[in-house]
Amino acid sequence: MFSLISFRLNFPFHLKLISILIGIALLTEVFANYLLFFFHLNTNHPVYNIYILIQGCIYAIYYKLIITVKAVKRGANIFLMFFFIFWFATTFFVFGLNVWNSYAVMIGDLFIICMSAAYLFKFITSDDLLNLKHCPEFWIAVGSIIYFSCELPFTGIFNYLADNFETTTIFLYNVLQVLNIIMYSIFIYAFLCRLKTRTTKFL
């Protein structure tokens with residue numbers, strides 16, 4: 001809910017995108033865990049498969065807006081075109097909508113990790129004096145790297161683990177839930193950073 005302040009206080013568009021993503025993630029979790037029976041679905045994989053596509057596209061647009069390096073922007077544009085085609089092909093012709101699309105998750109996670117790392121590298125090597133306490137983009141990149149670096153190896157082999165090692169799968173899934181909470185907690189701090197900066201300017 002903290003991210004909603006990005007609209008009320010007219011934050012930059014890239015932060016509004018993260019707010020939208022957080023809202024979509026919340027709706028996805030609610031739908032996947034509590035509303036499946038209304039649609040007579042036996043698995044929540046279709047819900048998460050669709051979210052994978054949305055998440056990858058929003059992150060690509062987000063980093064395209066905040067990273068000034070032309071090669072990185074070009075890479076984000078290529079990813080946007082490639083990822084939709086790749087997601088569609090693997091979802092409907094390889095796995096099926098009702099099966100976890102591990103290929104799309106791996107590509108999406110790897111892209112997010114690379115873009116987050118590129119931003120942090122640019123941030124750290126910048127000649128400008130930047131205060132970490134007042135830079136939400138820095139914390140969003142940190143939170144993203146923490147979560148997606150851990151999600152990548154697990155979700156890439158999720159289908160295999162689920163079929164052969166159920167106990168291990170449940171344990172790792174719970175670990176990911178904790179990391180997910182950590183990531184969104186960092187995101188909350190990121191938005192509060194921006195709020196504190198604006199409040200200071202108003203005073």
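## A walk through an all-helix model

The protein has 8 helices and 0 strands. Follow the chain from start to end and the pattern reads α-α-α-α-α-α-α-α. Keep in mind that this is a predicted model.

Start with the overall form. The C-alpha atoms fill a box of roughly 55 × 35 × 30 Å along the principal axes. How does the radius of gyration fit a compact globule? For 203 residues, such a globule would have a value near 17 Å. The protein has 18 Å, so the two agree.

Next, look at how the chain packs. Of the 203 residues, 42% are buried. Now take the contacts with a separation of 6 or more. Residues 24 or more positions apart account for 69% of those contacts.

Turn to the outside. The accessible surface comes to about 11,500 Å². Carbon and sulfur atoms hold 71% of that surface. Charge comes next. There are 12 positive and 8 negative side chains. The centres of these two sets lie 19 Å apart.

Now for the rings. The structure holds 18 aromatic pairs. One of them joins Phe-82 and Phe-86, and this pair is stacked. Their centres are 5.4 Å apart, with 25° between the planes. The pair counts as stacked because its angle falls under the cut-off of 30 degrees. Where do the two residues sit along the chain? Both belong to helix H4, which covers residues 70-95. They are 4 residues apart there, so about one helical turn separates them. Phe-82 has 41% relative accessibility, so Phe-82 counts as partly exposed.

Compare a second pair. Phe-138 and Trp-139 meet edge-to-face. The distance is 5.0 Å centre to centre, and the planes stand at 85°. Is each partner buried or partly exposed? Phe-138 is buried, because its relative accessible area is 12%. Trp-139 is at 22%, so Trp-139 counts as partly exposed. The cut-off between these two classes is 20%. Rings can also gather in groups. Tyr-59, Tyr-62, Tyr-63, Tyr-147 and Phe-148 form one aromatic cluster.

Go back to helix H4 and find Trp-87. This residue is buried, with a relative accessible area of 7%. What does Trp-87 touch, leaving aside neighbours within four places in sequence? The contacts are Asn-49, Ile-50, Ile-52, Leu-53, Phe-92, Asn-101 and Ala-104. Look at Ala-104 in that list. Trp-87 and Ala-104 are 17 residues apart in sequence. In space, their C-alpha atoms are 5.7 Å apart.

Move along to Trp-100. This residue lies in the loop between H4 and helix H5 (102-124). Is Trp-100 buried or exposed? Trp-100 is buried, at a relative accessible area of 11%. Set aside neighbours within four places in sequence, and Trp-100 is in contact with His-45, Tyr-48, Asn-49, Ile-52, Phe-95, Val-105, Thr-155, Phe-158 and Asn-159. Asn-49 and Ile-52 are also among the contacts of Trp-87. Ile-66 gives another view of Trp-100. The two residues are 34 positions apart in sequence, and their C-alpha atoms are 31 Å apart in space.

Finish in helix H8, which spans residues 166-202. Thr-169 is found there. At 8% relative accessibility, Thr-169 counts as buried. Not counting residues up to four places away in sequence, Thr-169 touches Phe-154, Phe-158, Leu-161 and Ala-162. Phe-158 should look familiar: Trp-100 is in contact with Phe-158 too.

Definitions and conventions:
Residues are numbered from 1 along each chain as its sequence is written. This is a predicted model: local features need pLDDT of at least 70, side-chain atom pairs count only at pLDDT 80 or more; totals for chains, interfaces and linings use all residues. Side-chain values use heavy atoms; hydrogens and water are left out. The radius of gyration is taken over C-alpha atoms; the globule rule is 2.2 Å times the number of residues to the power 0.38. Buried means under 20% relative accessible area, exposed over 50%, partly exposed in between (1.4 Å probe, protein chains only). Contact means heavy atoms within 4.5 Å. Accessible areas come from the Shrake-Rupley method with a 1.4 Å probe; for residues, only the protein chains shown count as cover. Lys and Arg count as positive and Asp and Glu as negative; His and the chain ends are not counted. The place of a charge is taken as NZ of Lys, CZ of Arg, CG of Asp or CD of Glu. Rings of Phe, Tyr and Trp (its six-membered ring) pair if their centres lie within 6.5 Å; planes under 30 degrees apart count as stacked, over 60 as edge-to-face and the rest as tilted.
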